[in-house]
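Welcome! Take a moment to turn the structure around on your screen before reading on. The short tour below goes through it one part at a time.

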Amino acid sequence: MVEAMALDPGLYIVATPIGNLGDITARAAAVLGGVAAVACEDTRVTGKLLHHLGIKQKLIRYDDHASEATRDHILGLAATSPIALVSDAGTPLISDPGYQLVVGARELGIAVTSIPGPSAAIVALTLAGLPSDRFLFAGFLPSKDKARREVLDELANVRATLVFYETAPRLAASLGAIGEVLPGRAVAVARELTKKFEECRSGTPEELIAHYAAHPPKGEIVLVIGPPGPVAINPADAEALLVAALQNLKPSQAAAEVARATGLDRKALYARALELK
Ligand code: SAM
């Protein structure tokens with residue numbers, strides 16, 4: 001049984017587990033027990049979680065396609081009492097409903113508090129063995145092939161690890177498009193995270209296509225794509241980048257930034273940055 005928490009009025013964005021119910025945080029459980037009502041995507045899904053926690057709550061169905069009247073109703077409640085927002089799994093607003101509600105709450109001066117917890121994108125990034133210092137989360141790839149390739153093409157030069165949500169039926173098509181639009185990239189398929197059959201499989205798109213053709217994937221999937229390799233850059237361009245970086249950064253930081261962007265040796269860039277300073 002969860003100890004309910006005394007809470008001020010406002011909107012509480014509460015992250016919930018992405019598979020393993022043990023991943024609910026103590027604070028999330030206390031907030032869910034202490035609010036006046038819980039706005040949720042699917043009352044059955046959230047009802048199960050609350051039942052597991054031994055919490056009885058008033059549930060209000062909400063998603064970003066909800067009518068303005070529903071949104072206004074929830075915001076009206078949050079102005080005078082604590083109201084939680086949860087999605088079916090993970091962190092609300094991350095490819096899930098909540099954005100419109102948060103915008104509305106902020107416009108009306110209603111306090112918004114976020115109770116952090118699981119999000120599949122972050123769990124996948126921690127498992128993939130791909131650079132985690134810079135990443136770009138881009139939600140779901142489009143389901144249509146042309147639009148999917150356009151999105152990948154648009155992101156091709158981003159010097160960061162790319163993270164996408166994916167579904168099992170579309171995995172092969174997405175890996176095919178990645179192989180063609182982003183050739184040579186390392187990819188990880190993170191599946192069924194926090195659940196019994198969790199796996200994180202790495203390889204080239206071609207290797208992964210072959211594997212999943214033989215072992216059709218089930219369940220929920222996050223695709224993680226490594227950043228592009230170092231670009232070929234001439235010394236004059238590298239120097240210009242270093243000079244520009246030194247306008248705002250210390251030599252060590254400027255060297256690190258240019259090294260990351262170009263793949264050039266950080267120590268050599270640092271020595272040159274000291275000379276230029
Ligand atoms: N808001 C959620 C979050 O913070 O993770 C994501 C919601 S989005 C509608 C659902 C997608 O998240 C799934 O299609 C899948 O790509 C990913 N996902 C959710 N749970 C997952 C899990 N246990 N393992 C792998 N991917 C998962």
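## A parallel sheet

Let us begin with an open sheet of five strands, which pair in parallel and follow the order β3-β2-β4-β1-β5. At its edges are β3 (59–61) and β5 (112–115), each of which pairs on one side only. From one strand to the next, the twist averages 25 degrees. Please keep in mind, here and below, that this is a predicted model.

Inside this sheet, strand β2 (residues 37–40) and β4 pair in the parallel sense over three bridges. If you look for Val 38, you will find that its bridge partner in β4 is Ala 84. Helix α1 (residues 26–34) packs on the sheet and touches β1 (10–14), β2, β4 and β5. The direction of α1 makes about 135 degrees with that of β5. Another helix, α4, lies across β1, β4 and β5, and runs at about 150 degrees to β1.

## A mixed sheet

Now move along to an open sheet of five strands with mixed pairing, in the order β6-β7-β10-β8-β9. Why do β6 (135–140) and β9 (199–203) each have one side without a neighbour in the sheet? Both strands stand at the edges with a single partner strand each, so there is no neighbour on the other side. Here the twist averages 20 degrees from one strand to the next.

The strand β6 and strand β7 (residues 161–167) pair in the parallel sense over four bridges. You can follow this pairing residue by residue: Phe 135 stands opposite Thr 161 in β7, and Phe 137 stands opposite Val 163 in β7. Between β7 and β10 the pairing is antiparallel, over six bridges. Val 163 appears again in this pairing, opposite Val 224 in β10. Is β7 mostly covered or mostly exposed? It is mostly covered, with six of its seven residues buried.

## Helices on the mixed sheet

Helix α6 (residues 145–155) packs on this sheet, where it touches β6, β7 and β10 (220–225). The direction of α6 makes about 165 degrees with that of β7. Helix α8 (residues 205–214) also packs on the sheet, touching β8 (187–191) and β9. The direction of α8 makes about 130 degrees with that of β9. If you trace the chain through β6, α6 and β7, you will be following a right-handed β-α-β unit.

## Inside helix α7

Which residues of helix α7 (residues 171–181) are buried? They are Leu 171, Ser 174, Leu 175, Gly 176, Ala 177, Ile 178 and Gly 179. These buried residues pack against α6, β7, β8, α8 and β10.

Leu 175, which has its place in helix α7, is a good residue to zoom in on. Its relative accessibility is 1%, so Leu 175 counts as buried. Leaving aside neighbours within four places in sequence, Leu 175 is in contact with Val 187, Val 189, Pro 205, Leu 208, Ile 209, Tyr 212 and Leu 223. One of these partners, Leu 208, is 33 residues away from Leu 175 in sequence, and their C-alpha atoms are 7.5 Å apart in space.

## A residue in a loop

For another kind of place, find Ile 94 in the loop between β4 (82–85) and α4 (99–107). Is Ile 94 buried or partly exposed? Its relative accessibility is 31%, so Ile 94 counts as partly exposed.

Leaving aside neighbours within four places in sequence, Ile 94 is in contact with Ser 119, Phe 137 and Tyr 165. The C-alpha atoms of Ile 94 and Gly 139 are separated by 7.7 Å, although these residues are 45 apart along the chain.

## The largest pocket

Our last stop is the largest pocket, which holds about 650 Å³ of space. How many residues line the largest pocket? There are 34, and of these Ile 18, Asp 88, Ala 89, Gly 90 and Glu 220 lie nearest its centre.

Several elements contribute to the lining: α2 (43–53), β7, β8 and β10 each supply at least two residues. The largest share of the lining comes from α2, with four residues.

Note on methods:
Residues are numbered from 1 along each chain as its sequence is written. This is a predicted model: local features need pLDDT of at least 70, side-chain atom pairs count only at pLDDT 80 or more; totals for chains, interfaces and linings use all residues. Side-chain values use heavy atoms; hydrogens and water are left out. Two strands pair if DSSP finds at least two bridges between them. Axes are lines fitted to C-alpha atoms, for helices over the stretch in contact, and angles run from 0 to 180 degrees between N-to-C directions. Contact means heavy atoms within 4.5 Å. Buried means under 20% relative accessible area, exposed over 50%, partly exposed in between (1.4 Å probe, protein chains only). A crossover is right-handed if, with the strands pointing away from the viewer, the path from the first strand over the helix to the second runs clockwise. On a 1 Å grid over the protein atoms alone, a cavity is a set of points where a 1.4 Å probe fits but cannot get out, and a pocket is an open set with protein on both sides within 12 Å along at least five of seven lines; lining residues have an atom within 4 Å of a point. Grid points are joined across faces, edges and corners, and a volume is the space filled by probe spheres set on the points.
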